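Work through the exercises below with the model open beside you. Try each task before reading its solution.

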Amino acid sequence: MLAGWGLFFETVMIPVENGCDCRDLFREHLQVQCAVALLDHAAQQASAVDAPSWVVDGTAIPPDFANVALAALVLGHKLFTKHEIGVFELCGLGMGRCHSCGNGHCGGANQHLFVKSMVFHEMVCRCGYGADARLTLNSLQVNKSMSQGSVIRLSELSLDAALSLVQQAGVVLPPPSESPTRFVQTVLDGLCNLSSHDALTGLDNRRSFLNVLERELDRVARSGDVALLLLVDIDHFKKVNDTHGHLAGDSVLRQVAQRLHDCVRPMDSVARYGGEEFAVVLPNCSHSYGLFVAERVRQAMQARPFPVSTHLELDVTVSVGGAYAPQWIRSAPAIWIERTDRQLYRAKHEGRNRVCLEEVIDTVVSTEEKELLYGALNLDMNEPHAGWSQERNG
Amino acid sequence: MNQAVPQSADGGQAPKAKVAATYVPMFPVDPQRAVVFAVTSGKGGVGKTFMSANTAAALAKRGLRVLVLDADLGLANLDVVLNLFPKTTLHDVFTGKATLREAILKGPGGFDVLLAGSGLVEYSRLTAEVRDQFQSVLHGVLLDYDVVILDTGAGISDVVLYAISLADEVLLVSTPEPTSLTDAYATVKVLAAQQGRRTIRVVINQTLQPGEGRLITTQLQRVVDRFVPSLGGGPVVLSHIGDIPSDTLVRSAVQKRQLLFTSAPGSAPGQAVAGVAARIGDMVQRWQAARRQG
């Protein structure tokens, strides 16, 4: 008997086209004669609750079971047609109690909601979906256009790997029996956090950094603001690893991350971009200030040695490359990174422990340029001409 | 000839070069939409509006649907060149007094115009509002035309830069005069630095002898190669697409407020305009073909 009900409850959740009568659905696809019979019966009865018991296919069904089945049908109907109130009133369900967990459900002012809540509570308990009716209900509503029923059975999820990851990260999980929704949400939040941050340094990782970069480019294209991207690479980092071991290397990485974080504004984003490479996005950073910030980053590393153990301190320097986002223009993150990377390469090439920012082209035309421009053309150089300046608008 | 200056008739230069450039078109790639040209110069009075209007007439004669949009929001003078006395302008569209359709006028040369109205000081500085309005206006007309020409203002204000940033192609107009060349060169510098433009089309106006414009463009290219790194690296290419010879007919047409291309199509400058339009027509075809291929 129960297995039959289980089937019934599950099949209720198969979505169909709008406007389809759920009874047809059951008849055609599900062969749940008992449910159809119940609904038909309810249509004839003013109050289904009053019915002592019904006989379907030779089996007597207790009325509370019938209520559940009816309400499930009502709900199924609701999901696919929208006549739920009428059918519901026909069923005449009142106060109820979940037959599995014994929790009472009060209809209150919103009887409609009450029935859904009660029925689903019953359904999820009976079908072993867990005790959180709302989870089932919400997911059903959200996913009613999907081809599969959307009830999630916690026991069927392979959460072991996810759980060990988030627990290792120190996430405190609520007991799953209390609220499966909150439990799953906490696991998901924990995983999101893990997948957007770097495990070693705690900074944003490459993935979330690319997100930040993309958003910043959009913003700059909209506002015309100046934004600077810095790539910071630890000089001769391989030597640290090779000479003092990887633990020392890790310690250096963590400290560099911390110092980086400490010498930029809260609105700036610091990320670990690669092995020993960090990225900083500085919104609203003017041309005159950019070099100053980049230098501050470089000096913050050089300023004092990095203690990696009680006996060992290392001098670590960084090379910094930087480039500004093109103003008013929608550009792509890859291009911005490539330009910045070129400057970082230049800084490395020029001897490390230095800052190279992409030249902001001086729009004033120098005498040298002018001479080359029209000296060779034998044009009249004596003609007076005003020097071009950016302020001159026509 | 300098190798760095490509022949203007070279195939597929524009769309290919754009792929690698920093510049990403502001509008969705739709093969049906107009190719947007920005006509700019740096210095004022070198014939931007003359080029915009006459090229538009020549393109219209070639069967293209053309709109000239007065992007000189602060000091527009397209109406003067075309002898139009508009009742509605872009200003009315911006302020909601007129719809976009109402503000689009039929020009004398078989093309449409959208005039800005003169003396609108509040539009001479780019604000987010002006920018959004301008962009939505352009959005509103893109599907109705094959070519949209943005006649920008002189100088390199942020309004001009913004208008250019919306364009697929930049047409740089200069005369052989040192002042004009200097400003044209400065414009190239800014466009390369700020927008990552890699290809800029050059028209030299008021040339005195054949070949002068190509020579000048070659020289401009030399200086650019030496002094102008593009945003993101890579060469900045100036592509010479024509000269307009100096001719008293041009002056008299401007004074009579006539379109040279319609009043004297057989004249030397009239034919030169037709030549420039032919090259622009080719570019339009290449852009459309590139968009169809995705």
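A residue counts as buried when its relative accessible area is under 20%, and as exposed when that area is over 50%. The model is predicted.

**Exercise 1. Classify two cysteines of chain A, then look for disulfides.**

Step 1. Take Cys356(A). Its relative accessible area is 3%, so Cys356(A) is buried.

Step 2. Take Cys263(A). Its relative accessible area is 11%, so Cys263(A) is buried.

Step 3. Search the whole structure for disulfides. The count over all chains is zero.

**Exercise 2. Decide which parts of chain A deserve a detailed reading.**

Step 1. Start with the average. Chain A has a mean pLDDT of 67, and 55% of its residues reach 70 or more.

Step 2. Rank the elements. Chain A has 15 helices and 11 strands. Among these elements, strand E5 (residues 228-234) of chain A has the highest mean pLDDT, 97. Helix H5 (residues 84-91) of chain A has the lowest, 28.

Step 3. Mark the weak stretches. Over residues 1-39 of chain A, pLDDT stays under 50, and the model has 78 contacts beyond four places in sequence for them. Residues 380-394 of chain A also have pLDDT below 50, with 33 contacts beyond near neighbours in sequence.

Step 4. Conclude. Where pLDDT is low, the predicted coordinates should not be read in detail.

**Exercise 3. Describe the surroundings of strand E10 of chain A.**

Step 1. Check the cover. Strand E10 (residues 318-324) of chain A has seven of its seven residues buried.

Step 2. Split the strand by side. Val318(A), Val320(A), Gly322(A) and Tyr324(A) point one way, while Ser319(A), Gly321(A) and Ala323(A) point the other way. Both sets are buried.

Step 3. Find the partners. E10(A) pairs with E5(A) in the antiparallel sense, over seven bridges. With strand E11 (residues 355-357) of chain A, the pairing is parallel, over three bridges. In E11(A), Val355(A) stands opposite Val320(A).

**Exercise 4. Place Asp233(A): is it buried or exposed, and what does it contact?**

Step 1. Locate it. Asp233(A) sits in strand E5 of chain A. Its bridge partner in E10(A) is Ser319(A).

Step 2. Classify it. The relative accessible area of Asp233(A) is 9%, so Asp233(A) is buried.

Step 3. List contacts, leaving aside neighbours within four places in sequence. Asp233(A) touches Glu276(A), Glu277(A), Thr317(A), Val318(A), Ser319(A), Leu344(A) and Lys348(A).

**Exercise 5. Trace strand E2 of chain B and its neighbours.**

Step 1. Check the cover. Strand E2 (residues 66-70) of chain B is largely enclosed by the rest of the structure, because five of its five residues are buried.

Step 2. Split the faces. Val66(B), Val68(B) and Asp70(B) lie on one side, Leu67(B) and Leu69(B) on the other.

Step 3. Find the partners. E2(B) pairs in the parallel sense with strand E5 (residues 147-151) of chain B, over five bridges. There, Leu69(B) has Leu150(B) as bridge partner. E2(B) also pairs in the parallel sense with strand E4 (residues 112-114) of chain B, over three bridges. There, Val68(B) is matched with Val113(B).

**Exercise 6. Identify the nonpolar cores.**

Step 1. Take the largest. It has 52 residues, and Leu114(B), Phe134(B), Val148(B) and Leu150(B) have the most contacts inside it.

Step 2. Find its main contributor. Helix H8 (residues 178-195) of chain B gives the largest share of this core, eight residues.

Step 3. Look beyond it. Another core lies apart, with 41 residues, including Val66(B), Val113(B), Ala272(B) and Ala277(B).

Note on methods:
Residues numbered from 1 in each chain as written. Chains lettered and ligands numbered in written order. Predicted model: local features only at pLDDT ≥ 70, side-chain atom pairs only at ≥ 80, totals over all residues. Heavy atoms only, no water. pLDDT = per-residue confidence, 0-100. Helix = DSSP H or I, 4+ residues; strand = E, 2+ residues; numbered from the N terminus. Contact = heavy atoms within 4.5 Å. Core = buried A, V, L, I, M, F, W, Y, C linked by side-chain atoms within 4.5 Å. Buried < 20%, exposed > 50% of the residue type's maximum accessible area, 1.4 Å probe, protein only. Disulfide = S-S within 2.5 Å. Pairing = 2+ DSSP bridges.
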